[in-house]
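Q: I'd like a close look at one part of this model, the ligand site and the strand that goes with it. Here's the structure I mean.

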Amino acid sequence: MEKTIAVIRGDGIGPEIVNEAIKVLNRIAAKYGHTFRYVEVDMGGAAIDKWGEPLPAAMLERCLAADSVLLGAVGGPKWDGLPGDQRPEKGLLALRAGMGLYANNRPAKLWPQLAAASPLKPEIVQQGIDFVVVRELIGGVYFGSHTTSQENGEAKATDVMSYSEHEVERIGRIAFETARKRRKKVASVDKANVLDTSRLWRRVMHRLAEEYPDVAYSDVLVDNAAMQIVKDPSQFDVLVTENMFGDILSDEASMITGSIGMIPSSSLGEGSRGLYEPIHGSAPDIAGQDKANPIGTILSAAMLLKYSFDLDAEAAAIEAAVGAALDAGLRTGDMLAPGCKPVRCSEMGSAIADFL
Ligand code: IPM
Ligand code: MG
């Protein structure tokens with residue numbers, strides 16, 4: 001197979017973790033006889049420094065011309081003072097919207113080797129943690145108008161949250177279809193006791209639930225969902241929710257699995273071209289020190305092979321190699337435990353490539 005992958009190294013630890021994912025992809029290519037070509041794309045703070053904007057049109061074009069896109073992380077204190085529409089994060093949002101990627105899939109799965117790193121009590125962890133957050137990614141308050149004005153002698157800020165029926169329906173379908181391939185349970189998270197957008201969300205989800213009688217469906221209010229995730233995460237299989245709730249709950253979900261550094265994600269729209277990125281940020285405090293955990297990015301590359309290129313065996317081989325590295329006791333600083341061997345970011349990447 002010959003494929004072109006657009007690569008966005010990004011800011012902070014982005015370049016280091018992407019290097020390790022490419023190391024692993026190259027090993028896969030050699031072993032299975034594929035050719036992966038990489039096209040460099042500037043986005044986020046790196047693009048602001050070089051081109052004066054977080055996602056130049058030509059960079060979005062490169063992503064749209066590639067077969068899929070791999071991203072490290074964007075943002076950092078250097079660009080914190082910029083106005084909202086010029087920040088590095090704006091580049092990421094524009095990329096998601098520009099590629100039409102409405103369905104964000106964030107697995108929260110406990111690696112048994114890391115059970116001790118979970119902040120939850122062992123008796124809760126033992127019940128198992130294996131669910132996915134299906135997050136709507138290009139609607140809601142993230143994409144409504146944002147304004148700050150002066151009113152009655154004081155500043156006033158407004159962010160508009162809106163959803164149309166078709167936006168809810170298409171992400172709902174992804175959730176039900178995902179559940180069909182798993183344990184056939186969908187929990188839809190909203191705030192229908194307060195928000196109109198949530199009441200619309202719930203109506204559409206109920207209509208879809210009738211089309212999927214084989215999938216067990218429930219509504220969960222978002223505050224309750226936040227509580228249930230730490231109280232009894234084993235009850236969840238597929239959790240579907242709007243953009244901002246999904247942002248918040250997916251961080252919570254990742255943390256209970258031991259380290260946010262382990263969690264990959266896929267963002268997909270109508271075609272097979274997607275955007276794959278670890279869910280953690282750019283960690284400026286450890287950038288350039290070869291300390292970061294590259295596994296979230298390496299597992300994102302595995303998701304890319306599986307969902308964009310249909311290379312299931314290759315993706316499974318990467319997951320097995322990650323498991324082997326953990327079995328061997330290799331740990332980056334974020335998940336270090338007594339009796340384990342501390343390794344650097346590049347050592348972890350090399351070890352995983354060698355286990356392939
Ligand atoms: C995420 C991040 C982004 C988001 C930021 C960087 C804009 O937190 O991917 O979860 O809020 O979507
Ligand atoms: Mg987030």
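How far is an oxygen atom of ligand 1 from an N or O atom in the side chain of Arg96? And while you're there, walk me through the surroundings and strand S4.

A: Bear in mind that this is a predicted model, so every distance here is computed from predicted coordinates. For Arg96, the gap between a side-chain N or O atom and an oxygen atom of ligand 1 is 2.7 Å. Arg106 does something along those lines too: one of its polar side-chain atoms is 2.8 Å from a ligand 1 oxygen. Then there's Tyr142, with a polar side-chain atom 2.6 Å from an oxygen atom of ligand 1. On its own, ligand 1 has 320 Å² of accessible area, and the protein covers 77% of that.

Zooming out a bit, the residues around ligand 1 are Glu89, Arg96, Arg106, Arg135, Tyr142 and Asp247. As for where the ligand is, look in the second largest pocket.

Now the strand. S4 spans residues 103-109, and six of its seven residues are buried, so call it mostly covered (buried here means under 20% relative accessible area). S4 has strand partners as well. With S5, residues 130-136, S4 pairs in the antiparallel sense through seven bridges. With S11, residues 266-268, S4 also runs antiparallel, joined by three bridges. Ala103 is a handy place to see both pairings: its bridge partner in S5 is Glu136, while in S11 Ala103 is partnered by Leu268.

How values were computed:
Residues numbered from 1 in each chain as written. Chains lettered and ligands numbered in written order. Predicted model: local features only at pLDDT ≥ 70, side-chain atom pairs only at ≥ 80, totals over all residues. Heavy atoms only, no water. Buried < 20%, exposed > 50% of the residue type's maximum accessible area, 1.4 Å probe, protein only. Helix = DSSP H or I, 4+ residues; strand = E, 2+ residues; numbered from the N terminus. Pairing = 2+ DSSP bridges. Near = heavy atom within 4 Å. Polar contact = N/O pair within 3.5 Å; in protein donor to acceptor, adjacent residues only side chain to side chain. Areas by Shrake-Rupley, 256 points an atom, 1.4 Å probe, with all protein chains shown as cover. 1 Å grid on protein atoms, 1.4 Å probe; cavity = no way out; pocket = protein on both sides within 12 Å on 5 of 7 lines; lining within 4 Å. Sits in = over half its atoms within 2 Å of the grid points.
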